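Q: Hi! I'm new to this structure and would like a friendly walk through it. Could you start with a term I'll need?

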Amino acid sequence: MIYFTDPPFVVAGADLVLCSSATEVNLTGSVTGPSTTGNWTSTGSGGYLPGSENPVADYLVTASDTASGTIMFTLTSTINGSCLAVQDSLQVTFLDEPSVTILSNDTICSNLSIVDLDGMLSAGFTSTWSTTGFGSIVSPGSLNTQYIIT
């Protein structure tokens, strides 16, 4: 009689987008089924804490990792018994930090009821105006909007 076992089930996790200033990548993979062990490999040059053999680990980002812009991580099951190893991958993309500039005046006359808000932001990013005052922002998601003073 021949018995069939299910292969390991490996989940590396979702793809990530991080700022280029990130110093580590939190890897939260899992290996289940006949194997619960795995090993991380990557196209990067950093190291792993506590080690690459732990599905939940921190990858230590290097300058060459961020310069490359993208790293691929692969989690491979180990100690698979009679089954072949199973892999799953995730991609980490590093983006330069955004540059934000507020162009509006920071000093206004106290008898105004509306203040124009103007800003600049690096391409590829979105912004949201917010306030700690009692007024409201007409269009918080627009770089050029108005603040209504109440």
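A: Sure! Accessible areas come from the Shrake-Rupley method with a 1.4 Å probe, and for residues only the protein chains shown count as cover. With that, the accessible surface of the protein chain comes to about 9,500 Å², and 57% of this belongs to carbon and sulfur atoms.

Q: Anything I should know about the model itself?
A: This is a predicted model, where local features need pLDDT of at least 70, side-chain atom pairs count only at pLDDT 80 or more, and totals for chains, interfaces and linings use all residues. Residues are numbered from 1 along each chain as its sequence is written, and side-chain values use heavy atoms, with hydrogens and water left out.

Q: Thanks. How many helices and strands does the protein chain have?
A: One helix and 14 strands. Helices (H or I, at least four residues) and strands (E, at least two) are DSSP runs, numbered from the N terminus.

Q: Is the chain spread out or compact?
A: The radius of gyration of the protein chain is 24 Å, well over the 15 Å that the globule rule gives for 150 residues, so the chain is more spread out than a compact globule. That radius is taken over C-alpha atoms, and the rule is 2.2 Å times the number of residues to the power 0.38. Along its principal axes, the C-alpha trace spans about 90 × 35 × 25 Å.

Q: And what share of the residues is buried?
A: Of the 150 residues, 27% count as buried. Buried means under 20% relative accessible area, exposed means over 50%, and partly exposed lies in between (1.4 Å probe, protein chains only).

Q: Let's switch to sheets. Which strands form the open one?
A: Three strands do, in the order β11-β14-β13, with antiparallel pairing. β11 and β13 (136-137) stand at the edges with a single partner strand each, so one side of each is left without a neighbour in the sheet. Two strands pair if DSSP finds at least two bridges between them.

Q: How many bridges are there in each pair?
A: Four join β11 to β14 (residues 145-148), and two join β13 to β14. As for partners in β14, I114 has I148, V115 has Y147 and L117 has T145. From β13, I137 also has Y147 as its bridge partner.

Q: Which way do the side chains of β14 point?
A: They alternate: T145 and Y147 point to one face and are buried, while Q146 and I148 point to the other and are not. β11 alternates too, with V115 and L117 buried on one face, and I114 and D116 on the other, not buried. In a regular strand, the side chains alternate between the two faces of the sheet.

Q: New topic: where is L18, and what does it touch?
A: L18 sits in strand β2 (residues 16-19). Leaving out residues up to four places away in sequence, L18 touches E24, V25, V92, T93, F94 and L95. Contact means heavy atoms within 4.5 Å. L18 is partly exposed, with a relative accessible area of 21%.

Q: One last spot: where is I108?
A: I108 is in the loop between β10 (100-102) and β11 (114-117). At 40% relative accessibility, I108 counts as partly exposed.
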